[in-house]
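Got your viewer open? Take the selections below one at a time, and keep the mouse handy.

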Amino acid sequence: MIKTLAIGIWICAVALGSVYFSVQITNTKESVEPEPAMFGGLETIRGEVISIPVISTGAVQGYFLTRLSYTVDPLRTAKLSIPADELITDVLYTALVGEPVIDFPDIEVFDLEAFKTHIRDALNERVGEELFHEVIVEQIDFLSKEDIRSNVQQGRSLKNNASESHSTPPAAAAPSN
């Protein structure tokens, strides 16, 4: 009878132990990794094409054309007292004209990542918190005065050629019977 009692206590202990450990395992909190910034929660603001004159040695040397997009938190962007587009344009002009970020005479050493980081940091500094998460480059061009002049001259010559070909009188229509 003592053997039967010991076996019963043993079975109860094993059953209680397995229930205890299974409850502990199911109650452990899983480590939830935060979702990467590029997935969910952020909105992209597409910027306009901005043309900024490049002034060097007291004269306009050309124009810096850019279109940038920005990832932002839409709930916090809605609370801005200044429209985001106007704020972005002002910061770009300040960064590219007021604080020359790009050395235009030596444009071959342009660091795109440093440019994007500088624009993002300048925007966040202006707002006072981290609102802008990423700067996405859609277009960056630099047109010198010579490029602009040659494009204008090519446009005029194409326009003159097109007007000459349209200035010839059309052929007379055949008489109908």
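How much area does the protein expose, and what share do carbon and sulfur atoms supply? With the surface switched on, you are looking at about 13,300 Å², and carbon and sulfur atoms supply 59% of it. Keep in mind as you go that this is a predicted model.

**Whole chain, cartoon view.** Colour by secondary structure and you'll find five helices and four strands. Trace the elements from the N terminus and they run α-β-β-β-α-α-α-β-α. Of the 177 residues, 19% count as buried. Among contacts with a separation of 6 or more, 69% are between residues 24 or more positions apart.

**Select residues 112–127.** This is helix H4, with 16 residues. Put a distance label from its first C-alpha to its last and you get 23 Å, close to the 22 Å expected at 1.5 Å a residue. Now show the side chains of Phe115, Lys116, Ile119, Leu123 and Asn124, which are the buried residues of H4. Turn the view until you look down the helix axis: these buried residues fall within an arc of 160 degrees, so they line one face of the helix. The background is handy here: an α-helix has 3.6 residues a turn, so residues three or four places apart point the same way.

What do the buried residues of H4 pack against? Add S3, helix H3 (84–98) and S4 to your selection, and you have the packing partners. Before leaving, click on Gly128: just after H4, this residue takes a positive phi of about 100 degrees.

**Select the aromatic rings.** The structure holds three aromatic pairs, and we'll stop at two. First up are Tyr20 and Phe21, an edge-to-face pair at 5.5 Å centre to centre with 70 degrees between the planes. Is Phe21 buried or exposed? Phe21 counts as exposed because its relative accessibility is 54%, and the cut-off for exposed is over 50%.

Next, pick Tyr70 and Phe132. They are edge-to-face too, with 5.9 Å centre to centre and 80 degrees between the planes. This pair links distant parts of the chain: Tyr70 is in strand S3 (residues 59–72) and Phe132 is in strand S4 (residues 132–144), 62 residues apart. Tyr70 is buried, with a relative accessible area of 1%, and Phe132 counts as buried at 0%.

**Last view.** Keep Tyr70 and Phe132 on screen and bring H4 back. The strands that hold this pair, S3 and S4, are among the elements that the buried residues of H4 pack against.

Definitions and conventions: Residues are numbered from 1 along each chain as its sequence is written. Side-chain values use heavy atoms; hydrogens and water are left out. Rings of Phe, Tyr and Trp (its six-membered ring) pair if their centres lie within 6.5 Å; planes under 30 degrees apart count as stacked, over 60 as edge-to-face and the rest as tilted. Buried means under 20% relative accessible area, exposed over 50%, partly exposed in between (1.4 Å probe, protein chains only). Helices (H or I, at least four residues) and strands (E, at least two) are DSSP runs, numbered from the N terminus. Contact means heavy atoms within 4.5 Å. Accessible areas come from the Shrake-Rupley method with a 1.4 Å probe; for residues, only the protein chains shown count as cover. The expected span of a helix is 1.5 Å times one less than its number of residues. The arc is that of the directions from the helix axis to the C-beta atoms.
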